[in-house]
Amino acid sequence: MKKISRIEPVFHALPERKKVAAYARVSRDTERLMNSVSAQVSYYSALIQGNPEWEYAGVYADCGISGTGTARRGEFLRMLTDCEAGKINIILTKSISRFARNTVDLLETVRHLKTLGIEVRFEKEHIHSLSEDGELMLSLLASFAQEESRSISENVKWGVRRRFQSGEIGMANKHILGYQYDEDEKKYVIIQEEAEAVRWMFQMYIDGVPLREIAGSMNNAGIRTTLGNDFQEGSVRQLIFNEVYAGDIRRQKCYIADPITKTKLKNCGELPQYYMAGCHEAIIDRETYAKVQAEMKRRAGLVNPTYPFTGKMKCGICGQAFTRKKGTVRQKSYVHWICRSKKETGMSCTSVNFREEELERIAARTLGMQGFDEAEFEKAVRGITVMESGDLEFRLAGGEKKVWKNLHQDPPRHIATSTDCFQGKIRCAACGNTYHRMNSAGKWVYWYCIGKKRKHVECHNPNCTDYKLRQVSAHMMGMEEFDEAEFEERVENITAFPDGSLEFHFKGGRSKRWQRA
């Protein structure tokens, strides 16, 4: 009898379909590019839905947004959120430049998606991010895309600046309070109702009304900004400082330093500015505008008083300006000039500080004045650079440069020196006695006139630290560092004067006097 065995049916599970999405982007919202986006959306929708192994997860599209960053790309960020939620397995995109023009953003995004097991496919370059050589190719091609973006930006800026040079006005804002830009006439035309509000605002400013009170008066009168918002102190300041109300236009007040980060910086002389006068009908006359400028200067003087060195000193290490700092120690006031970065949070600088009276003495000696004269200094000096060494480079009005050498004679901390070759070499100009060496509390060494310890002799010549004598001597001999043997060979003696100056008498008869600024 035959044995019959039952064969169980075998069911083969269908492979799980991949959830596929696509990303598209254009940098400008022109009609042609918008049609391009629509074509990409249609293309990818049909492509994904036509593949039986794929499940349609949508098409994400950003319009009119640059690819140099991700912060403003809403659809791109929404796509990443859906990726993290497990809604996407594969992302299709036309090219690397459509996905990102910033190399850092591109690699960070692709690596993040790679950790989630999500693949990005770049059609034009035939690159799959999960392949072995995918990241290397992405790095190279993304760098090209980033530099292309930088090149395009430079070309656009060149064109804009050429139009500035040729006198083309262009326009920054189509509507500012009091004006509407006329596309046909290519200039601003007055909106009479708003112009009255502008004149009232300027008159309040001339009358000395604070900016905050001007903003309050405008708001109470029912006047709003062009965006329909309440006036604030900052918005009033921005309008009052705008030369457009006098009929003029200033171009390139700000500039984009880096097309990738798109950080806008105030133009403080890095690039030329272009001032075009009489471009359109003025809302305020020239006399009123001059009064406004005078009031601005008056108020600035009250808030930020200026001093002879204000705006003149620049740090040679970090490039920041030097600022005035006033302090009190033991009920005595001190004024120093320090690099501004030392006052900024998160910044530091190793530049040398200067006491104000010391700066005045240095300037007077450098310019050959008997005493510091503020008017003469303002006229003669264009700027001062504080070098890393502590030297001061004076740039004079005639183009000449003069350098004051900083000997760092009295630093708060310095090495303890004790120099034998000064013995018997320093003579007091006041009483004729020689200087002797003394240890100060067993730490610092200084030289003093022995006449101060002798009977029937009254001497008040200042003492001098050994460290300072070495610094000054090296400077007078034209050396970077002090050398005892060189001093013994070249210097006959030193005369110390009551004002702190030192006269070096060299062997051979030559004399040279040093005086601290």
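In this short talk I will go through a few helix contacts, some strand pairings and two unusual loop residues in one protein structure. Please keep in mind throughout that this is a predicted model.

Let me begin with the helices. Two packed helices are described by the angle between their axes and the distance between the axes. With that in mind, look at helix 6, which covers residues 192-206, and helix 7, which covers residues 211-220: their axes come within 10 Å and cross at roughly 150 degrees. Angles over 145 degrees count as roughly antiparallel, and that is why helix 6 is described as roughly antiparallel to helix 7. The crossing of helix 6 past helix 7 is right-handed.

Which residues of helix 6 meet helix 7? On the helix 6 side they are Ala197, Trp200, Met201, Met204 and Tyr205, and on the helix 7 side they are Leu211, Ile214, Ser217 and Met218. If we sort the residues of this contact by character, 8 are nonpolar, 1 is polar and none is charged.

Helix 7 also has a contact with helix 8, residues 233-240, and here the axes come within 8 Å and cross at roughly 100 degrees. The range from 65 to 115 degrees counts as roughly perpendicular, and therefore helix 7 and helix 8 are placed in that class. In this contact Leu211, Arg212, Ile214 and Ala215 of helix 7 meet Glu233, Val236, Arg237 and Ile240 of helix 8. The residues here divide into 5 nonpolar, no polar and 3 charged.

Now we turn to the strands. Strands of a sheet pair through backbone hydrogen bonds, either parallel or antiparallel, and strand 17 lets us look at both kinds of pairing. Strand 13, residues 313-315, pairs with strand 17 in the parallel sense over 3 bridges, and within that pairing Lys314 has Thr385 in strand 17 as its bridge partner. With strand 18, residues 392-396, strand 17 pairs in the antiparallel sense over 5 bridges, and there Val386 is partnered by Leu392 in strand 18. Strand 17 and strand 18 also form a hairpin with 5 residues between them, and in its turn Gly390 has a positive phi of about 95 degrees. Is strand 17 mostly covered or mostly uncovered? Strand 17, residues 381-386, is mostly covered, since 5 of its 6 residues are buried.

A second example is an open sheet of 3 strands in the order 21-22-23, with antiparallel pairing. Strand 21, at 435-440, and strand 23, at 464-465, stand at the edges and have a single partner strand each, so one side of each is left without a neighbour in the sheet. Strand 22, residues 444-449, is joined to strand 23 by 2 bridges, and Tyr446 has Thr465 in strand 23 as its bridge partner.

That brings me to the loop residues. His456 lies in the loop between strand 22 and strand 23, and it has a positive phi of about 65 degrees although it is not a glycine. His456 counts as exposed because its relative accessibility is 86%, and the cut-off for that word is over 50%. His126, in the loop between strand 4 (119-122) and strand 5 (127-128), is likewise not a glycine and has a positive phi of about 55 degrees. With 71% relative accessibility, His126 counts as exposed.

Conventions: Residues numbered from 1 in each chain as written. Predicted model: local features only at pLDDT ≥ 70, side-chain atom pairs only at ≥ 80, totals over all residues. Heavy atoms only, no water. Axes fitted to C-alpha atoms, helices over the stretch in contact; angles between N-to-C directions. Helix = DSSP H or I, 4+ residues; strand = E, 2+ residues; numbered from the N terminus. Parallel < 35°, antiparallel > 145°, perpendicular 65-115°, else oblique. Left-handed = near helix turned anticlockwise from the far one by under 90°. Contact = heavy atoms within 4.5 Å. Nonpolar A, V, L, I, M, F, W, Y, C, P; charged D, E, K, R; others polar. Pairing = 2+ DSSP bridges. Buried < 20%, exposed > 50% of the residue type's maximum accessible area, 1.4 Å probe, protein only.
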